Amino acid sequence: MALRVYNTLSGEKEVFIPLIPGRAGMYVCGVTVYDYCHIGHARANVVFDVIYRYLGYAGYDVTYVRNYTDIDDKIINRANREGVDYRTISDRYIRAFDEDMERLGLAKPTVEPKATDHIGGIIAIIEALIAKGHAYESEGDVYYAVETFPDYLKLSKRNLDEMKAGARVEVGDKKRHPMDFALWKDSKPGEPWWQSPWGKGRPGWHIECSAMSMEFLGMTFDFHGGGKDLIFPHHENEIAQSEAANGCQFVRYWLHNGFVNINSEKMSKSLGNFFTIRQVLEKFDPETLRFFILSAHYRSPIDFSDQNLDEAQAGLERIYSFLAALDEILLENPAPPELPAGESPTGAGQELQDKLENLIPRFCEAMDDDFNTAQALGVLFDVVRAGNRFLAETGAPAPAGLSLIARTRDRFAEVGQVLGLFGSRPAAWLEGIKSSKADQINISPAEIEGLIVERAEARKAKNFKRSDEIRDLLLEKGVQLLDSAQGTTWKIR
RNA sequence: GGCGACGUAGCCAAGUGGUAAGGCAGAGGUCUGCAAAACCUUUAUUCGGCGGUUCAAAUCCGCCCGUCGCCUCCA
C-alpha cells in the first residue's frame, strides 16, 4: 500500500509521490534558540523524527534538514538583558536543544544548518526578489511586497483584504502594505550585523528557512514540516519568498503537527502555562514522554497531564515487561533461528504466529495512513497480548516455541527502531522506572529486600499471618510484591 | 468579526460509507496458602444533538449546541 500524507496545502490526504524516485527531501523548522525547549517542541521534533525514520524504513533515501534559527529579535533581547553577546545565548540553547533531543532518542538529521552560516544565500534571495519586483528597500530595511504574489495566503487559506482589515500589525511608514514583512532589517547600534547591499543589517525571521532549504534540498522538495502555528505567517512567507524568487513550486507536501495542551488549552509562552522538556524529564522517563506523544495522531491536539503521562507509562511498562519476559527465556534457551521443519505451533502458538506474520504489514498500513502511530501502537499491543497468552500456556518452551519467541523479539526491535522506542534493555528500563519511583517512597530498597527475606521464611514455615502482614505493610508504603517460581520481586504501585 | 479544527465507553485514543482497534481504570473467573503479575471473560446496540442523502453513515450533506485553535512572537 502506498504512503498517504495529509497535505496542509490541499487540505487532503494525498499519495506521496517523491520528486525523485526513491528519494525524499524533508525540511523541518527547528527552534529559535533563545530559551529551553518546552514539550511542544518535544512533540514537533519527536513527530518528525518518526516520520524521518519511517521514510527511511519504507525504503527512501531521505535527506532531513532541521535548522537552528540563531539570529532573531528574541535572541538579541535576551543577550541584551544578560549583557552578553548574542552568540553566547544561541550557543547555550543550541547545546541545550541537542541534549534534550538526545534524551528523547531523536535520530540526527542529515544536516542541521544555522541561519548565521547562510547569510550569503539569504542576501542572494533578497536580491533576486528585489530584481523581480517582489521586494523593496526602505530606509535600510527590505520588505516583501505581498500584493505582488497572487498565491499569497494559499497555505493558510486566508484573504488578504480581511487580514488587512483585522491586522493588529503596526502600519509602519516603511511598509507599503501593512502585511508586507521584513526580509532584511537595518541593525540598530549594538546589534549584530552583516554587510549587505542595503547596509549593515540582519535577516528577517522567515528568509533563513528559504535559504537553508534551497541550499540543501533545492528549489523544490518533498516535505516541509512544523507546528500548526507556523502555517501563518512563517510558512506562508516562506512560500512567497521561495516561489517568487525561484519561479517554481517550493514544497510538495506540507505537514503540520498539532499542539500540546494543558487542561485543554494551548500551551504557550505567552500564556505562561508551559513545561520545559527538562522539567518533565525530572519526573518522567524520556521514553514515556515519547510514547505518550506517539499515542495520539500527530495532527490531533494532545492533553498533557500527570495522569496521562502515568497512563502512558503503564502502557509502556506492559510492553517492556513482555519484552523482558522474552529476553529472559531467550537468555536461558538459545533459539533456533528458523522454525524447525515439521513443527507447527498450535493453540496460543498458532495465534501468536499469525499475529506475528501480520505485525509488519499492519504496522506499515497504519504508518502509511498519514503516519498513524496511535494505530501502530495498537497493533503492537495486540501482539503483546497474544505473546503473553502463549507464555502463560507454554511451560518449558520447545524449539518451535523458542523460534517463535525469538522472532517476536526481533519484530519488536525492528518496529521499535522506526518509532524510536524499546531501544533500552527491557530489564534495565523496568529497573530504572522502579528505582525512580522508589525515590518517591519512604522505604529503602534494602529494607524492602530484608522484609522479602523475612516473608519468605515465614511462608516457608507456613506462618501466613506474618507473611501477609509484611506484604500488607509494604503495600501500604506503595510496594507491590510479585511472587513467581523464581522468587519474589517487587515494584512500586 | 474572518477562517479553521475537533466532540467516539469512567479516562486516553484509533477508526472518512459496510455494521465500533488498542491502552488505562473497573467487575467476574483461572492461577495462588491468600494476594499481586499474567491469562480468560466482561464494560459504547452506539459514536454531542436534530434532520437529510444511501440498500447501508461515527464516517457524506445541512442546521444547532459545546470545546479549542489561527488571524501578533510561538512547535
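**RNA contacts and domain packing in a predicted model**

A polar side-chain atom of Ser-300 sits 3.5 Å from a phosphate oxygen of RNA strand B. This is a polar contact, defined as a pair of N or O atoms within 3.5 Å. Within protein, one atom must be able to donate a hydrogen and the other to accept it, and residues adjacent in sequence count only if both atoms are side-chain atoms. The model is predicted: local features need pLDDT of at least 70, side-chain atom pairs count only at pLDDT 80 or more, and totals for chains, interfaces and linings use all residues. Residues are numbered from 1 along each chain as its sequence is written, chains are lettered from A and ligands numbered from 1 in the order in which they are written, and side-chain values use heavy atoms, with hydrogens and water left out.

Two arginines also reach RNA strand B. In the side chain of Arg-158, an N or O atom is 2.5 Å from a sugar or linking oxygen of the strand. Arg-471 places a polar side-chain atom 2.4 Å from a base nitrogen. In total, 55 residues surround RNA strand B. Lys-74, Glu-162, Trp-205, Gly-227 and Arg-389 come nearest. A residue counts as near if one of its heavy atoms lies within 4 Å of the strand. Of the RNA atoms within 4 Å of the protein, 64% belong to sugar or phosphate; the rest belong to bases.

The surface near RNA strand B has 17 nonpolar, 21 polar and 17 charged residues. Here Ala, Val, Leu, Ile, Met, Phe, Trp, Tyr, Cys and Pro are nonpolar, Asp, Glu, Lys and Arg are charged, and the others, Gly among them, are polar. Helix H12 (residues 373-393) gives the most to this surface, with 8 residues. Helices (H or I, at least four residues) and strands (E, at least two) are DSSP runs, numbered from the N terminus.

Chain A is assigned domain 1 (4-282), domain 2 (304-426) and domain 3 (441-492). These bounds come from an automatic or database domain assignment. The C-alpha centres of domain 1 and domain 2 lie 39 Å apart. Their contact (heavy atoms within 4.5 Å) takes 17 residues from domain 1 and 15 from domain 2. The two domains bury about 1500 Å² between them, 63% of it on carbon and sulfur atoms. Buried area is the accessible area (1.4 Å probe) that two parts lose on being put together, summed over both.

Across this interface there are 9 residue pairs in polar contact, both residues at pLDDT 80 or more. Strand S1 (4-7), helix H1 (39-57) and strand S11 (260-262) each supply at least two residues of the domain 1 side. H1 gives the most, with 6 residues. By class, the domain 1 side has 12 nonpolar, 2 polar and 3 charged residues.

The interface of domain 1 and domain 2 also holds 2 salt bridges. A salt bridge is a side-chain nitrogen of Lys or Arg within 4 Å of a carboxyl oxygen of Asp or Glu. Arg-4 and Asp-369 form a salt bridge, with closest N and O atoms 3.9 Å apart. The overall count is 34 salt bridges. Lys-185 and Asp-73 pair at 3.1 Å, N to O. Lys-185 lies in strand S7 (residues 181-186) and Asp-73 in helix H2 (residues 73-82), so the pair ties together parts 112 residues apart in sequence.

Some backbone features stand out. A cis peptide bond joins Phe-232 and Pro-233, with omega about 0°. Pro-233 lies in helix H7 (residues 231-246). Asp-370, not a glycine, has a positive phi of about 55°. Asp-370 is in the loop between helix H11 (348-368) and H12.
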